[in-house]
Amino acid sequence: MRHALRLIALGLLLVLQGMAGAATPDPPATVPDTIEQRVAACIACHGREGATTNAGYFPRLAGKPAGYLFNQLVSFRDGRRFNTDMAYMVQHLSDAYLREMAEYFAGLQLPYPPVSPVSDATPEQLQRGSQLVREGDAARGIPACVQCHAAALTGVQPAIPGLLGLPRLYVSSQLGAWLTNERHAMAPDCMADIGRRMSTADINAVASWLAVQPMPADTRPAAALPAPLPVKCGGMPAK
């Protein structure tokens, strides 16, 4: 009897100890206060660490010039560019914080996904796109894309973006937004002037050709252009 009482008492003690342990909550997990953690929301649309594939709509952020990314974030905040989600996310952020975000993504050097050469564009459309990108259309005041975005089309420091590795839909929609006066940039808004000189056929041809171009071995933006810009553009330092 005495032995049985000891076992019962021991059992009760173990139960009480278990209840006491269960009542003690685990310490809350701490979230690291890093720029990587703070820009995690960007991944939902732009992909892991800002490097999207060529299949979606959203543009790649990784490796873009920091000045370009900063200018776009400011334009979304200040109303020059219009996207409900982007405007909501940056509406209360300071210039300093937006610059920190831009520099984080600019510093990411991630591989690009393979580019598919398959396109539903006709050979004539692709040829026209190549002509506009490489030579422009002087008669209509359209400079060649390579004159501003560099010979390799990977962009130029500090604020001109690359044009390769982007979804065709994204390129065509942004060129179209300049054509329809829905997108704006810092004055002088050179792309608005150029975009309004392009037809919808031109835009489709350029976007189609760019979308099937392979990435060069060096995907980094050029340090500088070999010649002055053919037009004055806001966001680029005057020379």
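## Notebook: spaces, cysteines and rings

**Entry 1, the largest cavity.** I began with the enclosed space, and the largest cavity has a volume of about 720 Å³. The model I am reading is a predicted one. I then asked how many cavities of 30 Å³ or more a search of the whole structure finds. The count is two.

I looked up which residues surround the largest cavity. Its lining is made of 41 residues, and those nearest the centre are Y68, H149, P161, W178 and M191. Helix 4, helix 8 (146-149), helix 9, helix 10 (190-197) and helix 11 (200-211) are the elements that each give two or more residues to this lining. Which of the elements gives the largest share? I found that helix 9 does, with five residues. Sorted by class, the lining of the largest cavity has 29 nonpolar, nine polar and three charged residues.

**Entry 2, the second cavity.** I noted a volume of about 120 Å³ for the second largest cavity. It is lined by 16 residues, and G63, Y112, T154, G162 and T219 are the closest to its centre. I sorted this lining too, and it divides into eight nonpolar, five polar and three charged residues.

**Entry 3, the largest pocket.** Next I turned to open space. The largest pocket holds about 740 Å³. I listed 37 residues in its lining, with H46, P59, F76, R81 and M86 the closest to the centre. The elements that supply two or more lining residues are helix 3 (43-46), helix 4 (66-78), helix 5 (84-90), helix 6 (95-106) and helix 9 (168-179). I checked the classes and got 23 nonpolar, seven polar and seven charged residues for the pocket lining.

I put the two lists of elements side by side. Helix 4 and helix 9 stand in the list for the pocket, and both also stand in the list for the largest cavity.

**Entry 4, the disulfide.** I searched the cysteines for disulfides and counted one. A disulfide is a covalent bond between the sulfur atoms of two cysteines. Here the partners are C190 and C233, with their sulfur atoms 1.9 Å apart. The torsion about the S-S bond of this pair is about 110 degrees, so I recorded the disulfide as right-handed.

Which parts of the chain does the pair tie together? C190 belongs to helix 10 and C233 to the segment after helix 11, so the bond joins parts that are 43 residues apart in sequence. I also asked whether C190 is buried or exposed. With a relative accessible area of 12%, C190 is buried. C233 is buried as well, at 15%.

**Entry 5, other cysteines.** I looked at C45, which is in no disulfide. The nearest cysteine sulfur to that of C45 belongs to C42 and is 8.8 Å away. C45 is partly exposed, with a relative accessible area of 35%.

Why does C145 not bond with C148? The closest cysteine sulfur to that of C145 is in C148, and because 8.3 Å separates them, they are too far apart for a bond. The cut-off for a disulfide is 2.5 Å between the sulfur atoms. C145 is buried, at 18% relative accessible area.

**Entry 6, helix 10.** I went back to the helix that carries C190. The residues of helix 10 that I found buried are C190, A192, I194 and G195. Against which element do the buried residues of helix 10 pack? They pack against helix 9.

**Entry 7, aromatic rings.** I finished with the rings and found three aromatic pairs in the structure. For Y57 and F58, the ring centres are 5.6 Å apart and the planes stand at 80 degrees, so I noted the pair as edge-to-face. Y57 is partly exposed, at 30% relative accessibility. F58 also counts as partly exposed, at 35%.

Another pair is Y104 with F105, which is edge-to-face too, with 5.1 Å centre to centre and 70 degrees between the planes. I looked up how accessible these two residues are. Y104 is buried, at 15% relative accessibility, and F105 is buried at 5%.

Last, I asked which residues form the aromatic cluster with Y57. F58 and Y170 join Y57 in one cluster.

Definitions and conventions
Residues numbered from 1 in each chain as written. Predicted model: local features only at pLDDT ≥ 70, side-chain atom pairs only at ≥ 80, totals over all residues. Heavy atoms only, no water. 1 Å grid on protein atoms, 1.4 Å probe; cavity = no way out; pocket = protein on both sides within 12 Å on 5 of 7 lines; lining within 4 Å. Points joined across faces, edges and corners; volume = space filled by probe spheres on them. Helix = DSSP H or I, 4+ residues; strand = E, 2+ residues; numbered from the N terminus. Nonpolar A, V, L, I, M, F, W, Y, C, P; charged D, E, K, R; others polar. Buried < 20%, exposed > 50% of the residue type's maximum accessible area, 1.4 Å probe, protein only. Contact = heavy atoms within 4.5 Å. Phe/Tyr/Trp six-rings, centres within 6.5 Å; stacked < 30°, edge-to-face > 60°.
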